[in-house]
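Thanks, everyone, for making time this morning. I would like to walk through one model with you, going sheet by sheet and then on to a helix pair and the ligand, so please keep the structure open as I talk.

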Amino acid sequence: MKTDRRDFIRIAGVAGTGMIATGLTSKGADKKDKKSEPFAHTKEASEQEHKQFFNMCGYAAPKLNKVRMGFIGLGNRGPVNLDAMAYVEGVEIKGLCDKRMVRVDNAQKILSKHGLPPAKSYGGSEDIWKELCKDPDIDFVSVAVPRGPLHAQIATFAMEHGKHVAVEAPAASTLEEAWKLVETSERTRKHCMMLENCCYDFFELLTLNMARQGLFGELIHADAGYLHHQNNFVPIPEGGDMWRVRESQHRNCNLYPSHGIGPICQKMNINRGDRLALISSMSSNDFTMGKMAAELAKKDSFYKEFDTNSYRGNMNTSIIRTQNGKTIMLQYDITSPRVYSRIQTVSGTKGLCQKYPLPGKITFGNDEWLSDEEMKAVTDKYTPEIVKRMGDLAKEIGGHGGMDFLMNWRLADCLRNGLPVEQDVYDAAAWSSIVPLSEWSVANGSNSIRIPDFTCGSYKTNTPLDITMSKGGNTNVRPLPSKG
Ligand SMILES: NC(=O)c1ccc[n+]([C@@H]2O[C@H](COP(=O)([O-])OP(=O)(O)OC[C@H]3O[C@@H](n4cnc5c(N)ncnc54)[C@H](O)[C@@H]3O)[C@@H](O)[C@H]2O)c1
């Protein structure tokens, strides 16, 4: 499997002319010679045949009495996962790593707030994370560095060094990286979970349970997305990398698919009975980012490098078809003024649920949503076991309303009990693959492209995720640190 870096560099160069920002780049799309297509390496990787070494779906690694953890990347997101894990009994935090030592020092304060001993500090260089991954006192590494190639590099290196790994979303930025995660996880038999916290949000969990019990009938279609008005031109404190702006400057696609598609894939049993099969994607022009960068650059030379006309389109819309004939519409826009939404509409033969605009709603037909009373009744009846056991505590602890804690707690619980993790490496690969595949489609006139079957056919017999908590769920929580 070979990444054609030259293609990437050539296309990135084209971006500088503004062609990518139009979304209509694709003279190359008409040509017969695949090599002349934009992102030909993605097309090649999408068509390559692979063989499964070992099926990681449902794989239960030997249980860990103590989950000895290391954290890499302690900016905005890493400390949230660290704080959540600091509550969990049986978790020992052994290593903290960030290339900026000040962030390691700040993270040590989270441990002292919880009354936990300091962890070993790793900082001060770009590849210091390798030392943490080699540490024999660590079993499990949680990664929250800027997305891009570093996610898969660190995850692969960690697995090669005998660690389970959890990596922030998306886990891979190319198809080649996604396959590398799959193959390394299968060969080493180490878990590689993408930390898709939105799968643990309360409406998503409720409606997953209802979908499982057949309340919506056979699922037909879903709408999902990540629609969140952000201003990423504000510099990150302590000399941050502006990596969010840079990726928007150089990649025209859905850069962040899994908050939207993750919970939908769980409902549709993707990789466990069905699989994502085909995608076609279209981007609008950029109407804001280039202008904003130009304005900022006039006043402050810091923004000079961002003053280009190469920004991705503000809105990216993809349509996806599954092998069993279901469809998904997936959107991404973090630059237009709007109310936050991940949409989360799921339509089946018997009913429909829709989370956004909040509050979440459900209908079983007759043109009417369930009333508040009816909603309360279905919520009481179908609240899943994890929420019954840990929901109130999760809300008290917080982290995106509690879902961050639920995810981290259950992950540690699965490792302690020797249970399969709830999002496996095939989920990480398939959900992340939307990034390069939407990029290919946008650059090739919105042509459709095959989504690889990262399970190599095992999806046909893999069983749905167990959400009953019939096993495990016995991991306790340390006393909450006093506030203030
Ligand atoms: N699940 C969620 O809700 C959620 C929310 C925000 C961000 N994220 C994801 O989390 C990841 C991190 O985002 P963020 O907002 O925390 O970014 P950030 O820039 O605030 O933090 C990243 C940290 O990684 C460090 N870092 C960079 N290169 C490194 C290296 N080579 N070695 C060690 N440390 C390095 C940086 O110094 C920084 O402290 C991204 O993948 C993002 O998509 C997820």
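Let me begin at leucine 219, whose bridge partner in E11 is glycine 348. That pair belongs to a longer match, in which strand E7, residues 219-227, and strand E11, residues 345-348, pair in the antiparallel sense over four bridges. I should say at once that this is a predicted model, and everything that follows should be heard with that in mind.

On this sheet packs helix H11, residues 258-267, which touches E7, strand E10 (327-333) and E11, and whose direction makes about 160° with that of E7. The sheet itself is an open one of eight strands, in the order E13-E12-E11-E7-E10-E9-E8-E14, with mixed pairing. At its edges stand strand E13 (361-363) and strand E14 (449-450), and each has a single partner strand, so one side of each is left without a neighbour in the sheet. Helix H17, residues 434-443, lies across strand E8 (276-283), strand E9 (316-322), E10 and E14, and runs at about 55° to E8.

Now to the other sheet I want to show. Here six strands form an open sheet in the order E3-E2-E1-E4-E5-E6, and the pairing is parallel. Its edge strands, each pairing on one side only, are strand E3 (120-123) and strand E6 (192-194), and from one strand to the next the twist averages 20°. Within it, strand E4, residues 140-143, is joined by four bridges to strand E5, residues 164-167, with valine 143 standing opposite valine 167 in E5. Helix H15, residues 403-417, lies across strand E1 (67-72), strand E2 (91-98), E4, E5 and E6, at about 140° to E1.

Next, the helix pair. Helix H7 (residues 149-160) and helix H8 (residues 175-188) pack at an angle of about 10°, with their axes 10 Å apart, and that angle makes H7 roughly parallel to H8. The crossing of H7 past H8 is left-handed. Among the residues that meet are Pro149, Ala152 and Met159 in H7, and Lys180, Leu181 and Thr184 in H8; by class, the contact of H7 with H8 divides into five nonpolar, four polar and three charged residues.

Finally, which residues are closest to the ligand? They are Gly73, Gly75, Asn76, Arg77 and Glu168, out of 26 residues that surround the ligand, and this shell comprises eleven nonpolar, six polar and nine charged residues.

Definitions and conventions: Residues are numbered from 1 along each chain as its sequence is written. This is a predicted model: local features need pLDDT of at least 70, side-chain atom pairs count only at pLDDT 80 or more; totals for chains, interfaces and linings use all residues. Axes are lines fitted to C-alpha atoms, for helices over the stretch in contact, and angles run from 0 to 180 degrees between N-to-C directions. Helices (H or I, at least four residues) and strands (E, at least two) are DSSP runs, numbered from the N terminus. Angles under 35 degrees count as roughly parallel, over 145 as roughly antiparallel, 65 to 115 as roughly perpendicular and the rest as oblique. A crossing is left-handed if the near helix is turned anticlockwise from the far one by less than a right angle, and right-handed if clockwise. Two residues are in contact if their C-beta atoms, placed from the backbone, lie within 7 Å. Ala, Val, Leu, Ile, Met, Phe, Trp, Tyr, Cys and Pro count as nonpolar, Asp, Glu, Lys and Arg as charged, and the others, Gly among them, as polar. A residue is near a molecule or strand if its C-beta atom, placed from the backbone, lies within 6 Å of it. Two strands pair if DSSP finds at least two bridges between them.
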